[in-house]
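Please open the model in your viewer and keep the sequence panel visible. The tour below proceeds by selection, one stop after another.

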Amino acid sequence: MRKKTKGIYASKMKRATHMLFYRRHQKPGVKGWELHKALGADYPKVLEVLDDYLKSLDLQVKTVFEEEKTPAGKPTLEELDRARFYVTLRGELTPKETKMIGWRIDDLAGLAVAISYIISKKGQAPRKDVEELLSEKLPGWKVGINIDRYIRYGYLQEDENDQLYLDWRTRAEVDEKALIDMLLRSEAQTTLPSEVSEEANEVDEPEDE
Amino acid sequence: MESKKAQKKLGTEKLQRIIEMCIAIENHTVDPFLLNVDDIIKVVKEYFPQWKKPEELNLDSEAIHHLASAIKLQSEWVKQRSTALYTDPFLLEEKITQATREEMVGVFLKAWHPLVELEQLSLHSLAEAMRYWDGLLPLKERWPELAVPEVGMGITSRDELIKEQLLGDKLFSEELEGYWRELKEKVKEKGADGKIRYWDFIGADTYEETVERAFLASFLISYGYATLEIHPLEEEVFIEPFDKPLAKIGTQQSISIPIAVTYENWQKWKRGELD
């Protein structure tokens, strides 16, 4: 009986892995109700086991609740059904590794600035203000291109009044609180980390998604 | 006695100043933390035993009420500042401006956990696709019913177009000219001074017909076949046909005159009660 249960879980884990790793829709990730339908009502348990398994690979199953409303206690099955699940990196990338996934340091710094600024403005900022901030350190011609790229990738979204907001990818990938805490704690550095400065000289263009 | 009166006056002034200060805080023009709640409560307590008249007690309760609102605002301020994601935007902006791009990236990488996703063809999906392709009928078999039959070009007649309801049985301009002629005849028969009462012209046996005639009359006036004469005091409206349509229509700014053609008015006209 135990062996049978183990077998069922192993097969559900495989199915969950396929669903989570391979993009099924326009956006990556899987909705809770899809997992519910495919794996049954015990899918949170399956994801828990999978998350534990992924730990050794430095990956994790990330849950993004609807409208960013993370439940205070243990989420209910209904809340999970409405949430979206992704597989993300559990740890951190080194600056050198960012190059491997198609990001130049300028573009990544611009993204970090844009996200932090929007968070500081309670989640909404005029595009013009973000452009001004970025143009202090990025060439003018690149600023607009970069913001459009962040929007295209799903990190930011823009409304008809030229207001920028954080979009689904930021919510899935960025620990907003940690980012702001670290930024406020950071001290101005006079020397650059060797890895980063080495990276800064690279001029290759990343591949678009 | 005199000193008691002076003290009361001073107390009233103090309460009024407290109320003004609290209102300024409620209107967000003053920082709520400029208000020293303990001091204010001391003042309120100090003067309270002297209040006897209803207006004095009213002022006292008003001061307490506004003080409570100001305290609520202080509490909201503290609550908002203590939320997990609250950050002082100025401080953060300063940090962002001062940070080098390398520092910014360094910080971001600690909070960034990019998504992992794969794009890959599998043998299974290829085999599935091949099975689908094998079962797929050629386009000419799937869409035969969509082939549009070839139709030769031909000539149609006006009667056919009227039958298909693509044209009305009369051209609108013809209809309008006929209506204009009718107006001129009616003016000769029943009118006076080259004009006729509006309702005597548009009024018909049925309400529907009356509405249709009013609709056509509006075009007679808009297109320069006739004009309206309105006597506001007598509440009389006349319609007067022109001998020839005016050519300068559209060159002058026109005005719109609403005339209600209601069922009640039509009934009154039928009974001869509409003057």
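Begin by selecting R197(B), which stands opposite F238(B) in β3(B). Please bear in mind throughout that this is a predicted model.

Next, extend the selection to the strands around this pair. Strand β1 of chain B covers residues 196–197, and strand β3 of chain B covers residues 236–241; the two pair in the antiparallel sense over two bridges.

Now keep F238(B) selected and add E229(B). F238(B), in β3(B), is the bridge partner of E229(B). To see the surrounding pairing, select strand β2 of chain B, residues 226–231, together with β3(B): these strands are antiparallel and are joined over six bridges. F238(B) thus appears at two stops of the tour, opposite R197(B) and as the bridge partner of E229(B).

From the strands, move to the loop between α9 (172–190) and β1 of chain B, and select D193(B), which lies there. What is the sign of phi in D193(B)? The value is positive, near 55 degrees, in a residue other than glycine. For context, most residues other than glycine have a negative phi. D193(B) counts as exposed because 9 other C-beta atoms lie within 10 Å, and the cut-off for exposed is 12 or fewer.

For the last stop, turn to chain A and select D162(A), found in the loop between β5 (156–158) and β6 (163–166). Here too phi is positive in a residue other than glycine, with a value near 60 degrees. Is D162(A) buried or exposed? D162(A) counts as exposed, because it has 12 C-beta neighbours inside 10 Å.

Key
Residues are numbered from 1 along each chain as its sequence is written. Chains are lettered from A and ligands numbered from 1 in the order in which they are written. This is a predicted model: local features need pLDDT of at least 70, side-chain atom pairs count only at pLDDT 80 or more; totals for chains, interfaces and linings use all residues. Two strands pair if DSSP finds at least two bridges between them. Helices (H or I, at least four residues) and strands (E, at least two) are DSSP runs, numbered from the N terminus. A residue is buried if 20 or more other C-beta atoms lie within 10 Å of its own, exposed if 12 or fewer, and partly exposed in between; C-beta atoms are placed from the backbone.
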